[in-house]
Structure formats: C-alpha cells, structure tokens
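Visitor: I am new to this structure and would like a close look at a single part of it. Please start with the charged side chains and go on from there to whatever lies around them.

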Amino acid sequence: MFDRDFDFKMSWKWVLHTSCLAFLVQLLCLDAVPISVDKTKVNQPEDKSSEPQQNVDTGLHYDRYLREVIDFLEKDQHFRDKLHNTDMEDIKMGKLAKELDFVSHHVRTQLDELKRQEVSRLRTLIKAKQDIEGGNDMAVDHQALLKQFEYLNHMNPHTFEVEDLDRLIKSATSDLENYDKARHEEFKKYEMTKEHDRREHLKTLDEDRRKKEEEHYEEMKKKHADHPKVNHPGSQNQFKEVWEEADGLDPEEFDPKTFFNLHDSNGDGFFDEQELEALFTKELEKIYDPTNEEDDMVEMEEERLRMREHVMNEVDTNKDRLVSLEEFLVATKKKEFLEPDSWETLEQNQAYTEEEMREFEEHLAQQEEDLHQRASDLQKQREELEKQQEQLNAQKAEFQQAVEHMEKLKIQNVEPASEIQGNEIAEPQGEYHPLPPGHQDMSQNHPGNEIAEPQGEYHPLPPGHQDMSQNHPGMKQENHEQNQIPNSNQDLSQTRLQDLPPGHQAVP
C-alpha cells in the first residue's frame, strides 16, 4: 500500500466548495502582487475553466457512494446555499444533515435509488464473501453483516434519510482523520517485518558469510544516510528551493501568494493533500534514488506522507484537510516558517523500538506455532479420512462379492429346473410304482425297520395316505399285504383313475 500515492482528503467538502470558491479564486488572482516573471522559464497555466472538475478518490471503500451523494446534493440550490454558510465543525456535528428535509423531491428520489443500489452492492459483496469462505449452505444474516457498514442506515434500505447523510459525513470524517494513525502502524509493521526477515536470513549463514552480510548491511545504511541537507517541509527555505528549481524564478523575489497560485494546480483556491505532497518531490530526490540498492521506495513514500502530515498539522487550522490561501499566508508569518528546526528523516527516526520488535517476533513465533499445530491437526484429519475411505472401499468390495455370489446361486438354481422340464421320465422297471406327489418313502427315515418286499404288484396309496407300516415297526406284514391294490398296471389307469383326488394325475 505504500508504493502508491495516497490521497485521502475530504472530497465532499472539496467538491461542494468548488462552485462558491470560483469567484473567490478570481478575486485572489486580482489581488495578487504583480511581479516580473521571465515567461521563457515559466509555463503558462492552461485554461481549465471549461474542463470539468475531477473528484479525487478518497481511498475509502465507499468513495463512489460518497461522491455520488455529493453530486446529487449539489444540484439542490437550498442545500448548496446552506453548505456555504455552515462552519466545518457544524458539518461534523451533523447540523448540515438536517437540511436534507428541505431538499427537492427530485433530488430525494435520486438519493433513495442511490442508497438502494449501495445496499444491493453490499449484499452482493457479503454473499461473495460467504461463498469464498465455504458458507454456501449457510443462511446469510444480511442485517447482522450490514452493521459493519456504519456509513448508512441498513435498517432502512429503501429511502435516504437525514440519518444517512449524518452517518455518511461522520464516517468519512472519522475514517479520514484516523488514516494517518493506521498508516503509521502499517509502516511500523513493514519495517519490523523487513528486519525480522534479515535476522532470520543471518541465522541460515555460517560465521564468515554472516560477518560479511553484517558489514554490507552497515555499509548500505551509511551510504543511504549520506545525502544533502533536507529542508524542513513547509518552511521558507523549502518553498524557495521549489520556486527556484521547479518554477525557474529568482529566489530573492519569492512571494507566498504568487507561490500559492502557481501550485494550486486545479485553481480551486486550496492546497489539497496531493498538491502539498507534490511540493516535497525535490526534497525526496535528495534522499532516495530508485536505482540505488540502499534506498527503499516504500520508505520514500512514507517520508512524503510524513512531510504532508507535518505541514497539515501546522497550517490546516480548521482541520478540513485543505489549506486555504488565508491559512497559508498566516503560516508564512510564523517563526517556524522563517527559522525552522532541522527535519529528521526516517533513518534518524526509527519507526519502532527494540521492545516493540521483541513483541513482534514473539507474536510471529506464536503465529508460526499455531500454523504448525493447525497443519498437524489437518494431517491427522486427512489420515483419519483416508482410513475411513479404505474401510468404505473394503465394505463396497465385500458387498459386490456378495451380490455376485447371489447371482451365481440364482443361475445354478434355475438351470436344474430347466433340465428336469426338458427331459422325459423313465418307465419304471418291474412292478415298482412311485408314490404320489407329496409322499415320501418313510422307510428311509427309519433305518432300523426292515420291511418285507411286498408280494405281487405294488400300487401307491392315494394322496393324503401313508404307509403306516413304516411308522409302526411292530405291525405285522400281513396287514401290509392286505392293503395292496390288485396287480394290474393297465387296470390302475382304468379302474383307479376316478379314485384319485382332484389335481392328481396317474403316473404311467
């Protein structure tokens, strides 16, 4: 985040003042002290009156919503007049937001639609975040998640009310005022991370290589610190140097008002943060060169922001993150402007203490330990899942084998039945006739009973009757012989057919 030019300013204040300050800029130009300027060395400023003013991105995640609200409110004459007559502190306290009730219906309708679009955008972002984190099957509580977006009233997603404007102004003011504090912490973390990586690298080297690396490091530090004197940002000496080298003017003819008008690049009568930071380029070139190994461009951008922050704290008396001509002229009369203290650069003002470095390394060590523990837990979970998968695969294989076995048994049971139906039954030999269906030769169940072979011809009993001689070993053979049917196979088919029960057929 440090290798780009941050431009966090109060764009709503800057934009809304544009129209009312146009006339003021003209007056300032008329009152400017005339000086003799070598036109061959000074580029004439382009006429920007016909060009639309460009809204500079504040860097806030709701920057577009903020600027669109400003654009719609500027269309209402009543609100614009009230803005011009309202003090910055009153704006921060929310007094301007109450004027929303007097805005035209057409503007309010546009603001309502704008808010609905913003709420829809936030809900889409929340849904995307849930999908990325794997919460596709979880119900999303949009109302709870929208609470983190304090710049609008999420309880009323359909209309833009006074509370919405009040929230927007206060959120933007707070976020922008806390930007420098958050930036300091980020840069401190960057510096400590860089030092931590250097120390860890030294641990991997042997004694000789470690010694050479330390010597090289100290040499680069001395080389970086060896640079021309850096002027105090916002001082007369610093501005005179820009006046001479950048503007091509005589330093003896330095005039603060003319200098202000020359470097107010958008002609709005204010120095914004971007315009201020551009004034420090000459000073930064004394310290940093992108081609030098010892110069860190991240540190260069931090140095630029430190200079801008310092000037803003000294000059911006109403804390609107803009420097007006009046504020600038007042600052040029102070002792600090004429006789400034020396400016301590980053190498002279270390961003962290050794105690902070120790705590940072302990924090990193704890994070690393937590990551190892997490990795170990995940590995165990993976091994457990692999075991479960193996068990499932084994069960699946057993199931498939059982299914195949059942299919084989089914096929084997069907084949014998087919063979029986397709073959003719052989003619019984001699005088033997099989028992009717459903009867069994009970003599096989009583191995101890020896029954005499029946005399003459044997005929089976009708269905439902049993040869009781097999179940009663003591029964005399004569009784068995008395129950025999007359001896004629041909007579059986003719005389006994009517005696068979229904559903039975005579066995040939």
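Guide: A salt bridge here is a side-chain nitrogen of Lys or Arg within 4 Å of a carboxyl oxygen of Asp or Glu. The model is a predicted one. Searching the whole structure for such pairs gives 35 salt bridges.

The part to look at is the one with a record attached. In an unreviewed entry, UniProt places the feature "domain: EF-hand" at residues 251–286 and 303–338. Along residues 251–286, the chain is 56% helix and 6% strand, with 19 Å between the end C-alpha atoms. Along residues 303–338, helix makes up 67% and strand 6%, and the end C-alpha atoms are 22 Å apart.

Now to the charges in and around these stretches. Glu-241 and Lys-286 form a salt bridge whose closest N and O atoms are 3.0 Å apart. Glu-241 belongs to helix α11 (residues 236–245) and Lys-286 to helix α14 (residues 281–287), so this pair ties together parts that are 45 residues apart in sequence. The relative accessible area of Glu-241 is 17%, and because buried means under 20%, Glu-241 counts as buried. Lys-286, at 19% relative accessibility, is under that cut-off too and therefore counts as buried.

Lys-286 has another partner. Its side chain meets that of Glu-283 in a salt bridge, with 3.1 Å from N to O. Here the two residues share a helix: Lys-286 and Glu-283 both lie in α14, 3 residues apart, which is about one turn of the helix. Glu-283 is buried, as is Lys-286.

Salt bridges also join up into a network. One such network links Asp-180, Arg-183, Glu-273, Glu-277, Glu-302, Arg-308, Glu-309 and Arg-321. Take Glu-277 as a member to examine. Glu-277 sits in helix α13 (residues 273–278). With a relative accessible area of 1%, Glu-277 is buried. Its side chain makes a polar contact of 3.1 Å with the side chain of Arg-308, and Arg-308 is itself a member of the network.

Next come the rings. The structure holds 12 aromatic pairs. Phe-260 and Phe-328 make up one of them, a tilted pair with 5.5 Å from centre to centre and 50° between the planes. Phe-260 is in helix α12 (residues 256–263) and Phe-328 is in helix α16, 68 residues apart, and the pair links these distant parts of the chain. Why does the angle count as tilted? Planes under 30 degrees apart would be stacked and those over 60 edge-to-face, so an angle of 50° falls in between. Phe-260 has a relative accessible area of 0% and is buried. Phe-328, at 4%, counts as buried as well.

This pair is part of a cluster. Ring pairs join Phe-239, Trp-243, Phe-254, Phe-259, Phe-260, Phe-271, Phe-328 and Phe-337.

Phe-337 leads on to a residue in a loop. Thr-332 touches Phe-337, along with Pro-256 and Leu-338, if residues up to four places away in sequence are not counted. Thr-332 lies in the loop between α16 (325–331) and α17 (335–338). With a relative accessible area of 10%, Thr-332 is buried. A polar atom of the Thr-332 side chain lies 2.6 Å from the backbone oxygen of Leu-329.

For contrast, here is a salt bridge elsewhere in the chain. Arg-199 and Glu-354 form a salt bridge with 3.7 Å between the closest N and O atoms. Arg-199 lies in helix α9 (residues 179–203) and Glu-354 in helix α18 (residues 354–422), so the pair ties together parts that are 155 residues apart in sequence. Arg-199 is partly exposed at 26% relative accessible area, and Glu-354 is exposed at 51%.

To go back over the part requested: Glu-241 is buried, Lys-286 and Glu-283 are buried, and Glu-277 is buried. The aromatic residues Phe-260 and Phe-328 are buried too, and so is Thr-332 in its loop.

Notes
Residues numbered from 1 in each chain as written. Predicted model: local features only at pLDDT ≥ 70, side-chain atom pairs only at ≥ 80, totals over all residues. Heavy atoms only, no water. Helix = DSSP H or I, 4+ residues; strand = E, 2+ residues; numbered from the N terminus. Buried < 20%, exposed > 50% of the residue type's maximum accessible area, 1.4 Å probe, protein only. Polar contact = N/O pair within 3.5 Å; in protein donor to acceptor, adjacent residues only side chain to side chain. Contact = heavy atoms within 4.5 Å. Phe/Tyr/Trp six-rings, centres within 6.5 Å; stacked < 30°, edge-to-face > 60°. UniProt positions renumbered as here; feature names shortened; annotations may be inferred.
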